[in-house]
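Let's walk through this protein together, one question at a time. Keep the picture open while you read.

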Amino acid sequence: ADQYAQSGEAVRPPDVAAVSAHPSIPAIRWDDPPEGPVLVLLDQTRLPGEESELVCTDPPGLVQAIRTLAVRGAPLLGIAGAYGVALAAARGFDVDEAADALAGARPTAVNLAYGARRAQAAHRKAVAGGADRRQAAASVLAVARALHKEDAEASARMAVHGLALLDELMPGGGHRVLTHCNTGALVSGGEGTAFAVALAAHRKGRLRRLWVDETRPLLQGARLTAYEAARSGMPYTLLTDNAAGSLFAAGEVDAVLIGADRIAADGSVANKVGSYPLAVLARYHHVPFIVVAPVTTVDPDTPDGAAIEVEQRASHEVTEVTVPFVSAAGAEVGGGIPVAPLGTQAYNPAFDVTPPELVTAVVTEEGVVSPVTTEGLAELCARSRQV
Ligand code: MRU
């Protein structure tokens, strides 16, 4: 028994008009002031204490913002990649060079390369068709804007499919959902992936509790998901990643909902490190482990989990408190406060890979694949390409 999530607790639908998890500043926006076009990002390294903008005037600045996680999360990285190529075209940079740099800024989220390459292809097509620089830049920007809009639409459809699945798996309602990392409006043109499903459940009065893993070492759960959950009035509780096991053992988790950075053709899922242990726990405790991601995250060119490149990040993210964020109390935190002896090396993969047999379902905007099979995913991708 605990004070957080009692079974049978009445769950009332909130005032839907008041439910928004969107930050006050959009996660990404294109602007065109007289000095020239810019890409304006909500600097996610400074949340939750400060909502500040980071203005990118050139592709190298955007690559840096991607590497430092000022802009992050698979779908948003795709949108950023496309706008980055648009920025290169509009500002007279070498578009192919910029597309390569953006596509390779982080290796695991396939959406980043997808967005950058799609925009690059639009530029090539425009140039081949005789467009001048200005016209070619306009075509690339149109593609970036289209991708942004498509992601918002995909988000809404994932929420519908995901909520239907939750209701089917747990007809009683009152879902207690555990999530990891950050998958809401901060990573999307819309309301996100896994978080959008939880939000849909909340709006229907069916979310009894959102359990938020803090997500070491960069704390995307504590800093970002808790921020989004608080803004939308969700009943949420933060836990250390290590506390998930005892939460399952106490019978307090009805489903795990996570996003994905890349889904291989065989259904292996790369997501924020710590996702795989949750899948193992979920299987042991007979709890559904549900992955929510747009079709653009499924990569038919990556055959299996072993072929997914997992980003390895610097030791200091683990050996020091390095996130340069501003705490809710307004105090500057981070800047390299050591928590391990000087010279300690850390194992710091940013992602891990969950094999398909541990994934109950993959929810996309095109529908749900369950059980997760190569054929099921391929059929879904084909369906999306026909549209
Ligand atoms: O390193 P990050 O913060 O970019 O990692 C993000 C995640 O792992 C998300 O869970 C994933 O991109 C899915 S977002 C819908």
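Q: Which residues come nearest to the ligand?
A: A residue counts as near a molecule or strand if its C-beta atom, placed from the backbone, lies within 6 Å of it. The shell around the ligand has 18 residues. Helix α2 (74-90) and strand β9 are the elements that give two or more residues to that shell. The ones that come nearest are R72, A74, C181, G259 and K272.

Q: How do the residues of that shell divide into nonpolar, polar and charged?
A: Ala, Val, Leu, Ile, Met, Phe, Trp, Tyr, Cys and Pro count as nonpolar, Asp, Glu, Lys and Arg as charged, and the others, Gly among them, as polar. Sort the shell around the ligand that way and you get 8 nonpolar, 7 polar and 3 charged.

Q: What pLDDT does the protein chain average?
A: This is a predicted model, where local features need pLDDT of at least 70 and side-chain atom pairs count only at pLDDT 80 or more, while totals for chains, interfaces and linings use all residues. Residues are numbered from 1 along each chain as its sequence is written. pLDDT is the predictor's confidence in each residue, from 0 to 100. Here 91% of the residues score at least 70, and the chain average is 92.

Q: Where does pLDDT stay under 50?
A: Two residues are in contact if their C-beta atoms, placed from the backbone, lie within 7 Å. The stretch in question has 6 contacts beyond four places in sequence. The place where pLDDT stays under 50 is residues 5-10.

Q: In what order do the strands of the 4-strand open sheet run?
A: Helices (H or I, at least four residues) and strands (E, at least two) are DSSP runs, numbered from the N terminus, and two strands pair if DSSP finds at least two bridges between them. In this sheet the pairing is mixed. The edge strands, each pairing on one side only, are β11 (298-299) and β14 (351-354). The order is β11-β8-β9-β14.

Q: Which residue is the bridge partner of N271 in β14?
A: Strand β9 (residues 269-272) is joined to β14 by 4 bridges, and the two run antiparallel. N271's partner in β14 is D352.

Q: At about how many degrees to β14 does helix α9 run?
A: Axes are lines fitted to C-alpha atoms, for helices over the stretch in contact, and angles run from 0 to 180 degrees between N-to-C directions. Helix α9 (residues 275-284) lies across β9 and β14. Its angle to β14 is about 35 degrees.

Q: Why is one side of β1 and of β3 left without a neighbour in the sheet?
A: These strands belong to an open sheet in the order β1-β2-β3, with antiparallel pairing. β1 (28-31) and β3 (53-56) stand at the edges, so one side of each has no neighbour in the sheet: each has a single partner strand.

Q: Which residue is the bridge partner of R29 in β2?
A: β1 and strand β2 (residues 38-42) pair in the antiparallel sense over 4 bridges. R29's partner in β2 is V40.

Q: Is I308 buried or exposed?
A: A residue is buried if 20 or more other C-beta atoms lie within 10 Å of its own, exposed if 12 or fewer, and partly exposed in between, with C-beta atoms placed from the backbone. I308 lies in the loop between β11 and α10 (316-319). Its contacts beyond four places in sequence include T108, R262 and V353. Because I308 has 22 C-beta neighbours inside 10 Å, it counts as buried.

Q: How far apart in space are A340 and T319?
A: A340 lies in the loop between β13 (337-338) and β14. With 13 other C-beta atoms within 10 Å, A340 is partly exposed. A340 and T319 are 21 residues apart in sequence, and C-alpha to C-alpha their spacing is 5.1 Å.

Q: Which residue in β15 stands opposite V292?
A: Both faces of strand β10 (residues 289-292) are covered, with F289 and V291 buried on one side and I290 and V292 buried on the other. β10 is joined to strand β15 (residues 361-364) by 3 bridges, and they run parallel. Opposite V292 stands V363.
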